[in-house]
Amino acid sequence: MTSNNQQSENPWTPEAYSASASFVPQLTQTLLKYLDPQPTDKVLDIGCGDGIFTGNFLPAVQSVLGIDSSPAMIEAATRDYGGPKAEFRIVDCRFLGQETAIADGTWDKVISNAALHWILRDESTRMSTLRGIYSSVKPGGTYVFEMGGHGCIAEVMTAVFYALVYQGVSPEKVREANPWFFPSDVWMKDALEKVGFQVDKIETEYRPTKLTAGAGGGLAGWVRLMGSQLLGVLPPEKREAAIEQICDVLQTAVTRIEDGSQWLGYVRLRGIAKRV
């Protein structure tokens with residue numbers, strides 16, 4: 001669930017993630033249904049983050065290996081969910097295909113939740129990452145995923161783009177710093193089939209999502225964490241002013257007048273693919 005190219009001060013801690021994005025591993029009922037965990041399943045969890053999502057299906061399967069690029073997240077996952085059935089390792093998932101002990105065609109099921117839109121941002125490794133996932137699944141096995149789809153958080157993207165350009169950053173530099181890749185269902189289906197998968201289901205869902213409240217949360221907390229790479233194009237002394245400007249621009253669009261809650265326009269892209 002983490003970016004592979006983070007600022008040197010690394011805002012991606014389990015505490016920051018819980019404060020500003022704790023809803024991510026909670027809104028997974030459909031994905032878990034598609035996983036259909038069985039007692040004999042060996043599962044590879046790509047972009048496992050702090051392990052909270054993994055914990056949703058861990059009791060129902062034989063074993064799980066969770067991989068993520070963030071040492072802090074893997075430390076938290078190991079502490080809270082590690083044991084005889086679950087192991088967690090630091091792996092840059094962009095280069096999964098090079099991890100021959102993992103991408104070995106022995107996993108009954110491979111799953112990723114809210115991770116691929118970070119991992120696939122690197123265009124140079126996009127298709128090789130998908131080939132690595134394909135190589136991980138055993139013949140007859142299944143890959144299930146959920147990620148941001150085309151149009152996801154469009155209002156935030158627009159506001160952040162505006163704020164950074166207003167601060168003097170060129171549009172080209174903002175595009176280069178964008179940490180997300182939100183493909184359409186058409187693109188994803190074609191890409192999965194190109195690496196060898198049989199795509200059984202591909203779908204998108206527009207899912208307005210309520211932001212957390214409290215210290216470190218809300219819209220500002222979300223922008224500060226999720227947009228850290230974009231904000232990293234600014235000098236440190238200008239980042240908080242940019243966050244304030246982004247929140248001001250978004251205030252009317254994302255706030256419900258009946259209770260003051262704030263919602264972002266998430267678009268979820270989900271799929272089930274099999275290695276035949």
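Rings of Phe, Tyr and Trp, the last taken by its six-membered ring, are treated as a pair if their centres lie within 6.5 Å. In this predicted model, Trp118, Trp180, Phe182 and Trp222 form one aromatic cluster. The rule gives a count of nine aromatic pairs. One of these joins Tyr143 and Phe145, whose ring centres are 5.4 Å apart and whose planes meet at 25°, so the pair is stacked. Tyr143 counts as buried, at 0% relative accessibility, and Phe145 likewise counts as buried, with a value of 0%. Trp180 and Trp222, both members of the cluster, have ring centres 6.2 Å apart and planes at 35°, so their pair is tilted. Trp180 sits in the loop between α8 (171–177) and α9 (185–194), while Trp222 belongs to helix α10, so this pair ties together parts that are 42 residues apart in sequence. Trp180 is buried at 6% relative accessibility, and Trp222 is buried at 2%.

Aromatic rings also meet charged side chains in this model. The charged end of Arg126 is placed over the ring of Phe181, 3.6 Å from the ring centre. A second case is found at Trp263, where Arg256 lies over the face of the ring at 3.7 Å from its centre.

Helix α12 deserves a look of its own. This helix covers residues 236–254, 19 residues in total, and spans 26 Å from its first C-alpha to its last, close to the 27 Å expected at 1.5 Å a residue. A kink of about 30° is nevertheless present in α12, with its centre on Asp248. The buried residues of the helix are Arg239, Ala242, Ile243, Gln245, Ile246, Cys247, Leu250 and Val254. The partners against which these buried residues pack are the helices α7 (154–166), α10 (218–226) and α11 (228–231), together with strand β7 (263–274). Helix α10 thus appears twice in this account, as a packing partner of α12 and as the helix that holds Trp222.

Backbone angles bring two further residues into view. Most residues other than glycine have a negative phi. Ala114, by contrast, has a positive phi, near 55°. This alanine lies in the loop between β4 and α5 (116–119), and its relative accessible area of 6% makes it buried. Ile153 also has a positive phi, near 40°. Its place is the loop between β5 (137–148) and α7, and at 2% relative accessibility Ile153 counts as buried.

A loop residue with the opposite kind of setting is Thr100, which is found between β3 (86–90) and β4 (107–113). Thr100 is exposed, because its relative accessible area of 61% is above the 50% cut-off. Between the C-alpha atoms of Thr100 and Gly82, which are 18 residues apart along the chain, the separation is 22 Å.

Confidence in the prediction can be summarised briefly. The average pLDDT of the protein is 91, and 90% of the residues score at least 70. Over residues 1–8, however, pLDDT stays under 50. For this stretch the model has 35 contacts beyond four places in sequence.

Definitions and conventions
Residues are numbered from 1 along each chain as its sequence is written. This is a predicted model: local features need pLDDT of at least 70, side-chain atom pairs count only at pLDDT 80 or more; totals for chains, interfaces and linings use all residues. Side-chain values use heavy atoms; hydrogens and water are left out. Helices (H or I, at least four residues) and strands (E, at least two) are DSSP runs, numbered from the N terminus. Buried means under 20% relative accessible area, exposed over 50%, partly exposed in between (1.4 Å probe, protein chains only). pLDDT is the predictor's confidence in each residue, from 0 to 100. Contact means heavy atoms within 4.5 Å. The expected span of a helix is 1.5 Å times one less than its number of residues. The bend at a residue is the angle between axes fitted to the seven residues ending there and the seven starting there. Rings of Phe, Tyr and Trp (its six-membered ring) pair if their centres lie within 6.5 Å; planes under 30 degrees apart count as stacked, over 60 as edge-to-face and the rest as tilted. A charge sits over a ring if NZ of Lys or CZ of Arg is within 6 Å of the ring centre and within 35 degrees of the ring normal.
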